[in-house]
Amino acid sequence: MKTVSKVGVAHYSALPIRSGIAIQIKNDAIALFKVTSGEVFALEDRSPHPKGGVLSEGLVSGKFVYCPVYDWKISLEDGQVQAPDQGQVKTYEVSVENDKVYITI
Amino acid sequence: MAKEKLVMIGNGMAGVRAIEEIIKIDPNRYDITIFGKEPHPNYNRIQLSTVLQGDTTVEDIILNDWKWYEDNRIKLFTGEAIVEVDTKNKIVVSNNARQVSYDKLIFATGSSPFIVPVEGVDKQGITGFRDINDCETMIKYAEDHQNAVVIGGGLLGLEAAKGLKNLGMKVSVVHLMSHLMERQLDATAAEMLKQELQQQGINFLMEKQTVEILGDDHVTGLRFKDGSETEADLIVMAVGIVPNKELASNASIPVNRGIVVNDYMETEIEGIYAIGECAEHRGIAYGLVAPLYEQAKVLAKRMVGVETEPYEGSISGTQLKVAGIDLYSAGEIEGDGATKAIRVHNEFENVYKKVLIRDNKVVGSVLYGETAESTRLFRMLTQQEDVSQMTSLSILQPAGEAEESDVASMPDDELVCGCNGVTKGTIVEAIHAQNLTTVSEVGGCTNAGRSCGRCKPMISQILEHTLGDSFDGAAQKEAVCGCTTLSRDEVVAEIKEKGLTNIREVMNVLGWKNEEGCSKCRPALNYYLGMIYADYKDERESRLVNEKMHANIQKDGTYSVIPRMYGGVTSAEDLKKLADVATKYNVPLVKLTGGQRIGLYGIKKEDLTSIWEELDMPSGYAYGKTLRTVKTCVGQRFCRYGTQDSMGLGMELEKKFERLDTPHKFKMGVSACPRNCAESGIKDIGIVGIDGGWEIYVAGNGGTDLRAGDLLYTVKTKEEVIEVSSAFLQYYRETGNYLERTSKWVERLGLDHIKKVLEDKVACQGLIERLNKTLERYNEPWKEAIENDEIKDKYYSRYQADLVTN
C-alpha cells in the first residue's frame, strides 16, 4: 500500500499570486499556484504535451494555467487539458493551516 | 409538436457541413444528435499535414468549435462510436451502450486508411494518416525514432513524408508505380515533384511492392517483392482509403464499395442517408472535399423538403500544395491519339503546364509550380469552351504586361473557392447584400476560404474590387483572441478613448469573456498599453515565460543566458567572464548565436541570477519581442572595402533601441558596403553603407517569412539613419498588430503609405519624441533581478519541500 503523507511546502502569505512556483519533494516535481481568488492548487510540474516541459512558469488565468512551451490550457482544479488538446496532469491535494501550505503526496 | 429526431453518425467535414446547411435553411426543423468517434469537434482534415509539420495547432484547424454545437442546440457525443443500427426500431447504439432513437439517420462515417494486406501488418509502429490521433502518433515516434517509411506516393503519402521529415526523421516513400501522384500528375510533373522532394531530403523507393513487414512485436523494416529490404521504425500507410461501410452493411443497408446512395444521398432504406467518403454515388466514392460539399447541399435541401437539383456527380479539379509546391490537375491527364497537348516547360523557373485539347476543347490540364490559370482552365473544361480563337502562348513578356488582374475580368460563374464550390458571383452578391468587408466575414456567409484557405488572397481581391475605395485592407477585422470580439484596432481605440490604464481594467470595461484573459490577449494587451502610455507599468504576470524570466526557456525547463554584445563586438575581458561562468556552472552548451553573440544554454533557473551577477553584462534580450541584435560587418576600421563605420553605427543603434517593446522581435544589421556582409537585406531595418551615405532597407526577413527588404531611403549622415530608424520603429510600434513582423506589417500598410507618414515633418517628429520618451522607462532587467530580493525570490528561486516542517 502506498503511504500518504502531508508535506509542508510554503507560507501561504508569501506565495506570489498568478505566478507558479516549482517545488521538489523527493522525486516529485510539483508546481504550486496561488490564483487571484486566493485558492492554491498543486499539479505535477510537467506538461502533458508529448514533448514535456514545466508548468510552473506558465501564464495563469483564473483557474487555468497555460503550458509555457506549447500553450496548452490546463485546469488547475482537476488537471484536465482543455479542448482541443487532450490529456491530464496529476493534481495534488492542497491544504492551508495557519499560513502553512501542505501538499498531500 | 415534437421535432423530428435527426441522428448523424460521424462528426467530420462532409456531415457537419450538411448539418450547417440544414440549420441555415430551417434551424428548428430537427432535434439533432451527432456521434463522433474522435474526441474533437469538427476539424479541417485537409489541414492535418500542417499540424504534422508544426505550422499550426489542432486548435487552429477546428471548423466548428464546441460553442457552435451548443449555440445550435446540437447534442454532441465525442469519443463515442456507434456500434449498432437497428433500422426496425430506429435506434442507434453506441459503444457506451447509449441508445438514441431517430426519425432520420445520416451515415457520415468517413473512411479508413487502406492497410496493405501483407504479412506483419499487425505489428506495432504502423499508422495511417487520417486523423489527429495519427498525427500525434507520428509526432511521438519522431521524438525517439529515426527511420520512417511511408507506403504510398500519392498526395497523402507525400504530405506525411514531408511532415515526418520536418520532424527530423529519415523518410523514405515507397511507391508501387513508376511516378508519383499518378492520378493527378503526368510523368513530367511527377518527376519534377520527385526531384524537388529529393532535394528536400526525402528518399524514394519507386516501383516497389511491399510483401512483408519485418520485426518481432514492433516493426523493424519492410521486404519488397524484388527481395530488397529497408529499415523502418515507423510505417505510415497512405496507399488509399476505404469507405467505412460495415456499420451500414451490418444493418442490411445496401453497400458496394461504399454505402450506396441515389442522386439525393438517400440509401435504399427510407429515412436513412449517407454522405461523404463513406457514400458511393453512381459507382464513385469521392475523397476530395469539393464534391462532398456539393453532396451536403443536396442532402440538406432534401431533408428539409426544399426542392433541389439532383446531385449528378462532380468533375473536380484538384488544387494542391505539396511541400510548398503548387499543383493543379483536372480532367484527363495523359490524353490519347485524338488529343493535342500544349506543353510549357519552363525549367528556368521550374514551372510546367500542360493543357490537353480535343476538338478545340480543353479536356484536361496539369499545372506544376504555378496555378494562377487553374480557375480559368477549369471553366473552359467544364463549360466546354471553344479555345481555337485564344492565344495559347507568350514567352518572355516584359514584366507588368502579363494579363490584367483576373478579378475584374472574371465571369460571375467562375469558381473562387474550389473546396466549397463558391463562385465569384456568390461572393460579390454576399458582399453587397450583407455589407461584408473582410475575408473572414465572406467565409462566414459563403464558406469560401474556410477549407484549404488557398483562395483567401483572391477573396481579398474580390472584396477590394467590389468595394472600391471603401475597401480598407488595414481594417480586415480579426478579433484579438477568443475572449473578445473586438479587433486590435478597436481595442487600442477604446483604451485611448476611455483612458484605460491596465489589463484588468481593459478586460472589465470591454466585456472580456474570460475574466483574466488567455495566453493570447494578456501579452498583447500588455504590449498595447505599453505602446500607448510611455510610462506604463509593465505587468510581468502577463508576459509569457521568456519575457517574464528574461531568459529563454528550453524544452527541458532549463534556460539560456545570452548577454549583449553590442554590434557583435566583444572583448577579452567579457570572453574571460563567459568562460569562467561556463566552467564554474558546468554549462552544457556554449554556442555562437545567429545574432553575433555567445549563448550559454542549459542553465538552471536558480542559477540565473548568480550567473548574471558574475557576468556583469546587460541582457541581450534574445528572448523578447524587442530589438534582438544589430549585426555588423567589420567595416572601414579594418576592411579594405568598407566605406563606412558599420560597427560604430551598429553599436550606437543597439544601445539606443535596446529593451524597447515592439510588436514582434526586431532585428537590425549594418553593413559598410554593398557586399552586405551583415545581411542587411533580411533585417527589419538593414543599413548598407555606400560612398558618402547610407541606404536604409526595411521589412526584410530571413526567417519564416523570407522576404528581401525594401529600400526606404538613402541618406547622407549617421544622424539621419538614427532619425529614420526611430520614426520607422515607432510607427511600427503604434500600428503593428502584436506578433506581426515588419515584413507582414509593411505589406499590409504599403511602403508608400509609411513613406508618406515619415515624410510628414510634424508626424515624424512626434513619432521620434514618443519613442524617446518610451525609451526612458526601461531598466536593465538582469541587474534589477540581482539587486531586488523580492524579484529574486519570486521568479528565480526553487522552493524546497523542507521549507516548512510538518
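Colleague: Which strand of chain B holds Leu712(B)?

Modeller: Leu712(B) lies in strand S36 of chain B, which covers residues 710-715. Keep in mind that this is a predicted model.

Colleague: Does Leu712(B) count as buried or exposed, and how do you know that?

Modeller: Count the neighbours. Leu712(B) has 21 C-beta neighbours inside 10 Å. The cut-off for buried is 20 or more. Leu712(B) therefore counts as buried.

Colleague: Which residues is Leu712(B) in contact with, leaving aside its neighbours within four places in sequence?

Modeller: Ile696(B), Tyr697(B) and Val698(B) come before Leu712(B) in the numbering. Val724(B), Phe728(B) and Lys755(B) come after it.

Colleague: The C-alpha atoms of Leu712(B) and Val724(B) are separated by 9.2 Å. What makes this pair a contact?

Modeller: A contact is judged on C-beta atoms, which must lie within 7 Å. The 9.2 Å belongs to the C-alpha atoms, so it does not enter that test. Val724(B) is listed among the contacts of Leu712(B). Along the chain, the two residues are twelve apart.

Colleague: Now for strand S16 of chain B. Which way do its residues 234-237 point?

Modeller: They split into two pairs. Leu234(B) and Val236(B) point one way. Ile235(B) and Met237(B) point the other way. Every one of these residues is buried.

Colleague: What makes strand S9 of chain B a partner of S16(B)?

Modeller: Pairing needs at least two bridges. S9(B), residues 126-127, has two bridges to S16(B). That meets the cut-off, so the strands pair. They run parallel. Ile126(B) stands opposite Ile235(B).

Colleague: How do you know that strand S10 of chain B also pairs with S16(B)?

Modeller: The same count applies. Four bridges link S10(B), residues 147-151, to S16(B). The requirement is at least two, so this pair qualifies. The sense is parallel. Ile151(B) has Met237(B) as its bridge partner.

Colleague: How many helices and strands does chain B have?

Modeller: Chain B has 26 helices and 37 strands. Of its 806 residues, 44% count as buried.

Colleague: And what is chain A built from?

Modeller: Chain A has nine strands and zero helices. Buried residues make up 44% of its 105 residues.

Colleague: Which strands form the open sheet in chain A, and in what order?

Modeller: The order is S5-S6-S7, with antiparallel pairing.

Colleague: Why are S5(A) and S7(A) said to stand at the edges?

Modeller: Each has a single partner strand, so one side of each is left without a neighbour in the sheet. S5(A) covers 59-61 and S7(A) covers 73-75. Neighbouring strands here are turned by 30° against each other on average, direction ignored.

Colleague: What makes S5(A) and S6(A) a pair?

Modeller: Three bridges join S5(A) to S6(A), residues 64-66. At least two are needed, so they pair. Leu59(A) stands opposite Tyr66(A) in S6(A).

Colleague: How many residues does each chain bring to the contact between A and B?

Modeller: Chain B brings 33 residues and chain A brings 33 residues. On the chain B side, helix H4 (132-144), helix H17 (545-549) and strand S37 (799-800) each supply at least two. H4(B) gives the most, with four residues.

Colleague: How do the residues on that side of chain B divide by type?

Modeller: There are 14 nonpolar, eight polar and eleven charged residues.

Methods
Residues numbered from 1 in each chain as written. Chains lettered and ligands numbered in written order. Predicted model: local features only at pLDDT ≥ 70, side-chain atom pairs only at ≥ 80, totals over all residues. Axes fitted to C-alpha atoms, helices over the stretch in contact; angles between N-to-C directions. Buried ≥ 20, exposed ≤ 12 C-beta atoms within 10 Å, placed from the backbone. Contact = placed C-beta atoms within 7 Å. Nonpolar A, V, L, I, M, F, W, Y, C, P; charged D, E, K, R; others polar.
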